[in-house]
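Visitor: I am new to this structure and would like to learn how to read its features. Could you take me through them, beginning with the ligand?

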Amino acid sequence: MNMELIVSLCKRRGFIFQSSEIYGGLGSCWDYGPLGVELKNNVKRAWWRDNVQLRPDMVGLDASILMHPRVWKASGHLDHFTDPMVDCRACQRRFRADTLDDAPWVHYCPATKGNKFEVPAGEPCLHCGARRTLCPACGKGELTEPRQFNLMFKTFMGPVEDEAAVTYLRPETAQGIFVNFDNVLQSMRLKLPFGVAQIGKSFRNEITPGNFIFRTREFEQMEIEYFVNPNDTIGGRPADEAWHERWIEDRLAWYRRYGLRPENLRLREHEKDELAHYAKRTADIEYHFPIGWSELEGIANRTDYDLKQHAEWSGKSLTYFDEERKTHVVPYVIEPSAGADRSLLAFLVDAYREEEVRGEKRVVLRFHRELAPIKIAVLPLLKKRPEIVETAHALRSRLARRWVTVYDDTAAIGRLYRRQDEVGTPYGVTVDVQTVGDPAKAEAGDQKVTIRDRDSMEQIRVPIDTLEAVLGRLFEGDPWERVAAGSARAEGSG
Ligand code: GAP
C-alpha cells in the first residue's frame with residue numbers, strides 16, 4: 001500500500017481533489033469532493049454522537065476562528081508555537097531544522113568527479129563517506145543558522161492594516177473552549193467532571209506540510225477539553241491521572257469500533273523533553289500510515305495551565321466552586337485532540353483492499369457502514385425495460401429519505417457492483433425482470449429485489465415491502481449472516 005494509490009483513487013472517485021487545481025494547485029491544500037464530504041461528515045458525526053450526544057458529562061461548542069489577539073499571548077502560542085527553520089543560501093528553500101535528515105539528500109561527490117547522487121535519508125555518501133552539511137534539495141547552498149518561525153497565520157481585522165489590527169487564524173480549536181469555560185459552566189449548570197467538545201478548522205503555517213492530507217496548513221480538529229477536580233481521587237489516584245487513562249482507552253476503542261485494525265494502532269508516550277509547554281503527560285495514538293507510524297491523535301494532560309493563563313491575562317476568574325470542600329478550584333484538563341482529516345485518511349487507508357475474484361482484481365473500500373459515503377446503490381439489471389427503471393428510481397427516492405442512496409444504470413451489473421465496491425458502498429439493491437414481471441406476456445412480477453453485501457458479495461432476495469426493515473437491521477449492526485439466514489439466498493455473487 002502506498003500513498004499514491006490512495007491519492008489517485010481519491011481523485012478518480014471524487015473523494016479529494018488538489019485545491020485550485022486548474023491554476024496549478026495550492027501547496028498542501030485539498031478540497032473534499034462529493035464522496036469526500038460525505039465521508040468526512042460521517043467521521044465527524046460519529047465522533048460527535050459518541051463523544052457528546054451519548055455521554056451525560058459532555059456538551060458541545062462552536063467558537064469563532066478569529067479570536068482576541070491576547071488569547072494567543074495567554075495561551076503561549078505567540079511565544080512558543082514555533083518550529084526551528086533554516087534557509088538555503090543558494091536555492092532559498094526553507095526546511096525545518098529538526099527534520100533535515102529525514103529525507104534523501106542531493107550530493108555532488110568529490111570522489112567521483114562531482115557526480116550528482118541522491119543519498120538515502122540520514123546516510124553518508126557511499127563513495128566519499130561524507131555526511132550532509134549543505135542544502136538537501138539543491139546540494140550546493142550553505143544553510144543559515146536555525147531561526148524560530150511562528151506557525152500562526154497572521155491577518156488584519158478591519159480596514160487598517162497596522163499592528164493594532166493584527167489577529168491570527170486559530171492554530172487549535174482548544175482555546176475557544178478555555179475562554180468560554182465560565183459561559184458553558186454557568187449556562188449549563190455543570191458539575192465536575194465534565195467536558196466540552198468542538199469540531200472546527202484550524203490553521204498552521206507548517207514549514208514542511210505534505211503526505212496528502214496528513215499534514216496541511218488548513219485542517220479540521222475534533223477536540224475535547226475534559227475538566228476534572230484536581231482535589232478528587234479515583235481508586236487512590238489523582239482524578240486527572242485516572243481520567244487521562246480512561247480517555248486514552250476510550251479513544252483507542254473508538255478508532256477500533258469504526259474499523260481500524262488493532263495491529264495498525266499503537267500508543268506512544270511523549271518523552272519529558274518533547275512535552276508541550278502546557279503538558280504534564282501526553283500520549284499519542286499512532287496509526288501505521290503508508291508513510292510509517294505517525295500521530296493520529298494526541299491526548300494530553302494540560303493541567304490548570306490554560307485556565308490560569310486566561311484568568312491572568314483577561315482579569316476574569318475562571319474557577320469552579322467545589323461545594324463539598326467549600327472552596328474555589330481551577331480544574332485540570334484532559335485533552336483528547338484528533339484531526340478529522342487525519343482520521344479520515346486512516347479510515348481510508350485501513351479500508352482499502354485489493355482482492356482477486358474469479359481471476360480478476362477487485363478494489364474494495366471496506367468502510368464501516370456508518371462511515372461509508374454512499375450507503376445503498378439501486379441498480380437496474382436492464383435499462384431497456386421501463387418497468388425495471390421506474391421501479392429502481394422509485395426505490396432510490398424511498399430509500400434516500402433514510403440513507404444516502406444512488407441510482408446507476410451506466411454499465412452492466414458486474415461493472416456497477418465493482419464501481420460501488422471501490423467507493424465502499426455496503427449494499428446494492430438490484431431490480432430485475434423477476435421483480436416486475438413482463439406486462440407484454442401478462443406475467444406478474446414477484447415484487448422482490450436482490451440485496452448484495454459488499455464484503456461477502458452474497459445476495460439475498462427480499463420482498464420490496466420489507467426492504468427498509470431488512471436494510472434497517474443491517475445498518476443497525478445486525479450481521480449479514482443473521483439477516484441472510486432469515487431470507488432467501490439469491491443466485492450469483494460478484
Ligand atoms: N490542542 C492540542 C493540539 O492541537 P496537536 O497534537 O498539535 O494538539 C492535534 O494536534 C491533532 O490535530 C493531531 O493529532 C492531528 O490529528 C491534527 N493535526 C495537527 N496538525 C495538523 C496538520 N498540520 N494537518 C492535519 N492535521 C493536523
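Guide: Please keep in mind that this is a predicted model. A good place to start is the contact between an oxygen atom of the ligand and an N or O atom in the side chain of E295, where the two are 2.6 Å apart. On another part of the ligand, a nitrogen atom is 3.5 Å from a polar side-chain atom of R302, and a nitrogen atom of the ligand is also 3.5 Å from a polar backbone atom of F214.

Visitor: How much of the ligand's surface does the protein bury?

Guide: Taken alone, the ligand exposes 560 Å², and of that area the protein buries 91%.

Visitor: Which elements give two or more residues to the shell around the ligand?

Guide: They are three strands, namely β12 (218–228), β17 (292–303) and β20 (332–339). The largest share comes from β17, which supplies five residues of the shell. If you would rather look at single residues, there are 21 around the ligand, and those that come nearest are E172, R204, T216, E223 and E295. Sorted by class, the shell has 10 charged residues, six nonpolar ones and five polar ones.

Visitor: Let us turn to empty space. How does one look for it, and what does a search of the whole structure find?

Guide: The general idea is that rolling a probe the size of a water molecule over the atoms shows where empty space is left. Here the search of the whole structure finds one cavity of 30 Å³ or more, and the largest cavity has a volume of about 40 Å³. Its lining is made by A377, Y417, Q420, D421, T425, Y427, G428, R452 and R454.

Visitor: Which element gives the most to that lining?

Guide: The helix α11 gives the most, with three residues, and the elements that give two or more are α11 (413–423) and β25 (427–431). By class, the lining residues divide evenly into three nonpolar, three polar and three charged.

Visitor: Where is H270 placed, and which residues is H270 in contact with, leaving aside its neighbours within four places in sequence?

Guide: H270 sits in the loop between β15 (265–269) and β16 (281–289). With those sequence neighbours left aside, H270 is in contact with L275, T282 and D284, and the side chains of H270 and D284 are joined by a polar contact of 2.8 Å.

Visitor: How should I read unusual backbone geometry, and which residues does a cis peptide bond join here?

Guide: As a general background, most residues other than glycine have a negative phi, and most peptide bonds are trans. In this model a cis peptide bond joins L192 and P193, with omega at about 0°, and P193 is found in the loop between α6 (181–188) and β11 (194–203). For the other angle, look at T303, a residue other than glycine whose phi is positive, near 50°; T303 has its place in strand β17.

Definitions and conventions
Residues numbered from 1 in each chain as written. Predicted model: local features only at pLDDT ≥ 70, side-chain atom pairs only at ≥ 80, totals over all residues. Heavy atoms only, no water. 1 Å grid on protein atoms, 1.4 Å probe; cavity = no way out; pocket = protein on both sides within 12 Å on 5 of 7 lines; lining within 4 Å. Points joined across faces, edges and corners; volume = space filled by probe spheres on them. Helix = DSSP H or I, 4+ residues; strand = E, 2+ residues; numbered from the N terminus. Nonpolar A, V, L, I, M, F, W, Y, C, P; charged D, E, K, R; others polar. Near = heavy atom within 4 Å. Polar contact = N/O pair within 3.5 Å; in protein donor to acceptor, adjacent residues only side chain to side chain. Areas by Shrake-Rupley, 256 points an atom, 1.4 Å probe, with all protein chains shown as cover. Contact = heavy atoms within 4.5 Å.
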